[in-house]
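Q: Please take a close look at one helix and the partners it packs against. Start with the handedness.

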Amino acid sequence: MKLGILVEAEEGLDWDGWRRVCRKAERLGFESVWISDHFLSPWAERHGLDAWMALAVAAAETSRVVLGPLVSPITFREPAMLARMTESLHDLSQGRFVLGLGLGWNAAEHAAAGIAFPPVAERRRRLEDSVHLIRHNLGERRVPLLIGGGGPRSTLPVVARDADHWNMTTSSVEVYGQRREQLAARCHAIGRDPSQIRHSVAVGYLVGRDTTELGVRCERMRHVFPPLAEATNVLEAARQMGWVVGTPETIVEQLLSLEAAGVDLAILGHYDLTDDQSLEVIANDVMPAVA
């Protein structure tokens, strides 16, 4: 299993933090760095970087890690614009860019930005049409397409037909396994080999080598991740939210269970951008055990 990092652009991300995380991820051996694409935080009044501008900087300042949005709502930009931006990032990164698209989910964010948020059937149609237009406009450039989401009727049919890479947000082997079976059935129905599609999950993480280190990180997380601010037990609350939590050994067990179920890549949500040491713990104590 490979490991990547996800940074939330809308949660106060600044240029120094973004550059530092990208450099750190490349030096420590993470396979990929991903960034969310939102206008607003769903939890707090915070401002962050534009995801695509940030990816351009990362493409110019790194040389190895794979880069991509996780994911760009198809409602935010017209397909011709996405194709042009994808072409530019593909060339700038020398082929390291992955185009991540999804249906979008935050109706309040769309309303605040003055962007239409049609029903899911219309968004699915737009995603299908956009994929075809983007690939047509890219011509001979073969940019990998990631589609995020687990909707059995909305997202998975598009993944089966069009995606090179499928991502969903879960650490549950059971939930992932159910969606995996549904995706495989969709693939077989149209004559596609399911193994042609890479599988990844996006999950938050909270790691410490012992109870003292875990306790310190739990308290830090209260201040940087608003849903955990009032939790009586931060570790248990994070676990209930679907994060992988605990000592490196415990996290290794959780990730290996996902790998055994079919996950190729775990993308770890790195929410405390000032905590470089947690990335080092993952790189030194987790990454070798799941490689």
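Is the crossing of α1 and α11 right-handed or left-handed?

A: The crossing of α1 and α11 is right-handed (the near helix is turned clockwise from the far one by less than a right angle). This is a predicted model, where local features need pLDDT of at least 70, side-chain atom pairs count only at pLDDT 80 or more, and totals for chains, interfaces and linings use all residues. Residues are numbered from 1 along each chain as its sequence is written, and side-chain values use heavy atoms, without hydrogens or water.

Take α11 first. The axes of α1 and α11 (lines fitted to C-alpha atoms over the stretch in contact; angles run from 0 to 180 degrees between N-to-C directions) come within 11 Å and cross at roughly 20°. α1 is therefore roughly parallel (under 35 degrees) to α11. On the α1 side, R20, K24, R27 and L28 make the contact (heavy atoms within 4.5 Å). They meet D276, L279, E280, A283 and M287 of α11. By class, this contact has five charged residues, four nonpolar and no polar.

Now α2. Helix α1 covers residues 15-28, and α2 covers residues 51-61. Their axes lie 10 Å apart, at an angle of about 45°. So α1 and α2 are oblique (neither under 35, over 145, nor 65 to 115 degrees) to each other. Here, too, α1 makes a right-handed crossing. α1 brings W15, W18, R19, C22 and R23 to this contact. α2 brings M53, A54, L55, V57, A58 and E61. The contact of α1 with α2 divides into eight nonpolar residues, three charged and no polar.

Conventions. Helix = DSSP H or I, 4+ residues; strand = E, 2+ residues; numbered from the N terminus. Nonpolar A, V, L, I, M, F, W, Y, C, P; charged D, E, K, R; others polar.
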